[in-house]
Protein chains: 2
Amino acid sequence: MTNDLNNVIHRSIEAWNEPDAARRLELVSRTWSDDGTYLDPLMAGTGHDEIAAMIAGAQQQFPEHRFELSFGPDAHNDRVRFAWRLFGQDGSAPVAAGVDFGTLSEDGRLRSVTGFLESPAA
Amino acid sequence: MTNDLNNVIHRSIEAWNEPDAARRLELVSRTWSDDGTYLDPLMAGTGHDEIAAMIAGAQQQFPEHRFELSFGPDAHNDRVRFAWRLFGQDGSAPVAAGVDFGTLSEDGRLRSVTGFLESPAA
């Protein structure tokens, strides 16, 4: 079964925002392939459990914050890029921003994601 | 021997600009690992010969044009991103632009590069 790219990328943003551990793991499982990876300058994870735990750690650092998709997904072949911003409770200026590059598995889930951080004002 | 990242990325831009086939292949060989790959929405190549030939094809499409690095390199772990613009002879507005995402081999050369195209005005 092939996963629609837009759904996969929006689901990944949902996973970063999901406060419930069981629902977060389910979202991660439907977003990343079983051997999926995530790597950015601050965090790394391989497989659903590690990636879900890594996201939980980020949520603890930024409680009540919310990720939003700000660009993409833009894809060709089995490659995708998208960008995100992180907003605090007041919702005004983003407190962090980044661009993610990914490779897709045959079923359309993310095989690997590499994150880079941007200046949030950019 | 480890290749300095800045040198590798600037050398990759030089390769895209080099009109001489032998010098272009030498620049490609010093920029990509032996099994290195390049993939964007329009082109693909694996290994030095294919990548050098692919660049020659791009040069034929854009004669007398010149690539310039416009962002980066920005790197963490074994991942790198950078952006480029392509200028025509009049040198005013860029005719094309893109962002490249790469993984590095242990000796610091590029193992894989994925290119995405931007709006040149962006």
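This report walks through a predicted model of two chains, A and B.

## Confidence in the model

The structure is a prediction. Chain A averages a pLDDT of 95. In that chain, 97% of the residues score at least 70. The model as a whole scores ipTM 0.92 and pTM 0.94. Where pLDDT is low, the predicted coordinates should not be read in detail.

## Overall build of chain A

Chain A contains three helices and six strands. Read from the N terminus, the order of elements is α-α-β-β-α-β-β-β-β. The radius of gyration of chain A is 13 Å, and the globule rule gives 14 Å for 122 residues, so the chain is as compact as a globular protein of that length.

The C-alpha atoms of chain A fill a box of roughly 40 × 30 × 25 Å along the principal axes. Buried residues account for 30% of the 122 residues. Now take the contacts in chain A between residues at least 6 apart in sequence. Of these, 43% join residues at least 24 apart.

## Helix H3: two sides

Helix H3 of chain A covers residues 47–61. Does its length fit its residue count, and what should it span? At 1.5 Å a residue, its 15 residues should span 21 Å. The end C-alpha atoms are 22 Å apart, which agrees.

Which residues of H3(A) are buried? They are A:His48, A:Ile51, A:Ala52 and A:Ile55. These residues cover an arc of only 100° around the axis, so they sit on the same side of H3(A). The other side of H3(A) has exposed residues: A:Asp49, A:Gly57, A:Gln60 and A:Gln61. An α-helix has 3.6 residues a turn, so residues three or four places apart point the same way.

What covers the buried residues of H3(A)? The cover includes two helices of chain A, H1 (5–17) and H2 (21–31). It also includes strand S1 (32–39) and strand S2 (44–46).

## Helix H2: a buried side

H2(A) has buried residues too: A:Arg24, A:Leu27, A:Val28 and A:Thr31. They cover an arc of only 100° around the axis, which puts them on the same side of H2(A). Their cover includes H1, S1 and H3 of chain A. Strand S6 (110–118) is also part of that cover.

The two helices therefore appear in each other's lists: H2 helps cover the buried residues of H3(A), and H3 helps cover those of H2(A).

## How the two chains pair

Two copies of a chain are related by a rotation about an axis and a shift along it. Here, a rotation of 180° with 0.0 Å of shift superposes chain A on chain B, at an RMSD of 0.0 Å. That is the relation of a two-fold axis.

Which residue of chain A comes closest to the rotation axis? A:Phe101 does, with its C-alpha at 3.7 Å. As for the interface, 100% of the interface residues of chain A are also interface residues in chain B, so the copies meet through the same surface.

## Backbone exceptions

Most residues other than glycine have a negative phi, and most peptide bonds are trans. Each chain has exceptions to look for. A cis peptide bond joins A:Gly72 and A:Pro73, with omega about 5°. A:Pro73 lies in strand S3 (residues 66–76) of chain A. In chain B, a cis peptide bond joins B:Gly72 and B:Pro73, again with omega about 5°. B:Pro73 is in strand S3 (residues 66–76) of chain B.

A:Glu64 has a positive phi, near 65°, and is not a glycine. This residue is in the loop between H3 and S3 of chain A. Is A:Glu64 buried or exposed? A:Glu64 is exposed, because 9 other C-beta atoms lie within 10 Å and a residue with 12 or fewer counts as exposed. B:Glu64 also has a positive phi, about 65°. B:Glu64 lies in the loop between H3 and S3 of chain B, and it too counts as exposed.

## A residue in strand S3 of chain B

B:Ala75 is in strand S3 of chain B. With 17 C-beta neighbours inside 10 Å, B:Ala75 counts as partly exposed. Leaving out residues up to four places away in sequence, B:Ala75 touches B:Leu5 and B:Val80. B:Ala75 and B:Met54 are 21 residues apart in sequence. In space, their C-alpha atoms are 25 Å apart.

Definitions and conventions:
Residues numbered from 1 in each chain as written. Chains lettered and ligands numbered in written order. Predicted model: local features only at pLDDT ≥ 70, side-chain atom pairs only at ≥ 80, totals over all residues. pLDDT = per-residue confidence, 0-100. Helix = DSSP H or I, 4+ residues; strand = E, 2+ residues; numbered from the N terminus. Expected span 1.5 Å × (residues − 1). Buried ≥ 20, exposed ≤ 12 C-beta atoms within 10 Å, placed from the backbone. Arc of directions from axis to C-beta. Contact = placed C-beta atoms within 7 Å. Rg over C-alpha atoms; globule rule 2.2 N^0.38 Å. Least-squares fit on C-alpha atoms with pLDDT ≥ 70 in both.
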